[in-house]
Amino acid sequence: MKNKLKKYFTAKVWLTIFTCLCFFFIGLTYFTDVLTKPLQKVTSAVVIPLQKGVNGIGLWLTEKKDMFESVENLQQENEDLRKQIEDLKQENLLMKENKVELESLRKLYEIDNAYSDYEKTGATVIGRSSDNWYNTFTIDKGSKAGIEVDMNVLSGNGLVGIVTDVSENYSIVRAIIDDASNVSAMVLNTSDVCTLSGDLKVASEGYVNLKYLDRDVKVRDGDMIVTSNISEKYLPGILIGYAQDVTLDANNLTKSGKVITAVDFKHITNVLVIKEKKTKIKE
């Protein structure tokens with residue numbers, strides 16, 4: 001029996017049968033929905049909800065991905081903005097420092113011109129005494145640059161002090177506000193001599209003490225006080241400051257008062273050292 005079936009149902013026969021069936025189903029689906037309708041129902045009941053679920057998951061994952069990317073972008077933008085702010089802060093700080101430096105150099109240039117008869121060299125302050133005032137401080141020039149003890153030091157608009165100690169590459173300067181400082185000075189208008197003494201207790205108010213001025217000398221607030229011709233160490237005619245509150249002493253023989261200094265002794269950064277000493281002039 002099996003052999004007979006094999007004899008009748010050869011490969012060609014099966015191919016013909018399957019071909020006919022294909023054409024039959026094609027024609028059936030083309031002219032009627034008898035077969036497709038059940039499939040559509042199955043698709044509607046199973047496949048479409050599943051597809052919606054898959055689409056929903058896909059949309060959710062896409063939203064999460066976009067959100068994470070947005071967060072990462074925001075974090076990167078914040079980091080970039082933070083860096084820009086730090087850069088701007090640094091630039092602003094440098095601009096302020098440059099402005100202070102420029103102002104300091106401008107004042108040095110002006111005072112250099114004011115005392116153009118003297119040979120000078122510029123120096124930078126690299127250290128100071130432990131308090132808030134530059135009553136003694138260190139500059140970055142020494143004997144190697146021709147600095148010597150007793151050379152006068154200028155800054156701002158006038159006299160800072162005098163060199164007291166010199167090493168090869170640095171020097172120590174004692175300012176006129178130091179307690180150990182005494183300067184022979186004179187009233188510019190009258191050439192009357194007085195003595196200025198430093199006092200750190202009053203330095204915060206921006207002045208030094210004026211003493212031993214003759215009782216007959218008339219001094220008004222704002223009169224210029226300069227170094228005197230008879231000073232042993234200070235060159236003559238260097239501006240120290242401006243007289244204020246000069247009154248008769250209790251001894252009824254002398255006057256005393258204040259001299260508002262021409263230099264801001266709390267913010268000295270650069271100085272000029274006069275490379276000419278009073279001792280050489282006296283000789």
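User: Which side chain meets that of Lys-277 in a salt bridge, and at what N to O distance?

Analyst: The partner is Glu-148, with 3.2 Å from N to O. The model is a predicted one, in which local features need pLDDT of at least 70, side-chain atom pairs count only at pLDDT 80 or more, and totals for chains, interfaces and linings use all residues. Residues are numbered from 1 along each chain as its sequence is written, and side-chain values use heavy atoms, with hydrogens and water left out. Side chains of opposite charge can pair when their charged atoms come close; the term salt bridge is used for a side-chain nitrogen of Lys or Arg within 4 Å of a carboxyl oxygen of Asp or Glu.

User: Where do Lys-277 and Glu-148 lie, and what does the pair tie together?

Analyst: Helices (H or I, at least four residues) and strands (E, at least two) are DSSP runs, numbered from the N terminus. Lys-277 lies in the loop between E12 and helix H5 (278-282), and Glu-148 in the loop between strand E2 (136-139) and E3, so the salt bridge ties together parts that are 129 residues apart in sequence. As for cover, buried means under 20% relative accessible area, exposed over 50%, and partly exposed in between (1.4 Å probe, protein chains only). Lys-277 is buried at 15%, while Glu-148, at 33%, is partly exposed.

User: How many salt bridges does the structure hold, and which residue pairs with Lys-258?

Analyst: There are four salt bridges in the structure. Among them, Asp-245 pairs with Lys-258, the closest N and O atoms being 3.7 Å apart. Since Asp-245 belongs to strand E10 and Lys-258 to strand E11, the pair ties together parts that are 13 residues apart in sequence. Asp-245 is partly exposed, with a relative accessible area of 40%, and Lys-258 is partly exposed at 24%.

User: What is the sign of phi at Asp-245, and what is its approximate value?

Analyst: Most residues other than glycine have a negative phi. Asp-245, which is not a glycine, has a positive phi of about 55°, and its place is in strand E10 (residues 239-248). Asn-252 also carries a positive phi, near 65°, in a residue other than glycine, and lies in the loop between E10 and strand E11 (254-261).

User: In what order do the strands of the closed barrel run?

Analyst: Two strands pair if DSSP finds at least two bridges between them. Here six strands form a closed barrel in the order E6-E7-E8-E11-E10-E9, with antiparallel pairing. Within this barrel, strand E6 (residues 182-187) pairs with strand E7 (residues 193-197) in the antiparallel sense over five bridges, and Leu-196 in E7 is the bridge partner of Val-183.

User: How many residues of strand E12 are buried, and which strand does E12 join through five bridges?

Analyst: Five of the five residues of E12 (residues 270-274) are buried. Asn-270, Leu-272 and Ile-274 point one way from the strand, whereas Val-271 and Val-273 point the other way. Five bridges join E12 to strand E1 (residues 120-128) in an antiparallel run, with Thr-121 standing opposite Val-273. E12 also pairs with strand E3 (residues 152-155), in the antiparallel sense over two bridges, where Leu-272 is the bridge partner of Leu-154.
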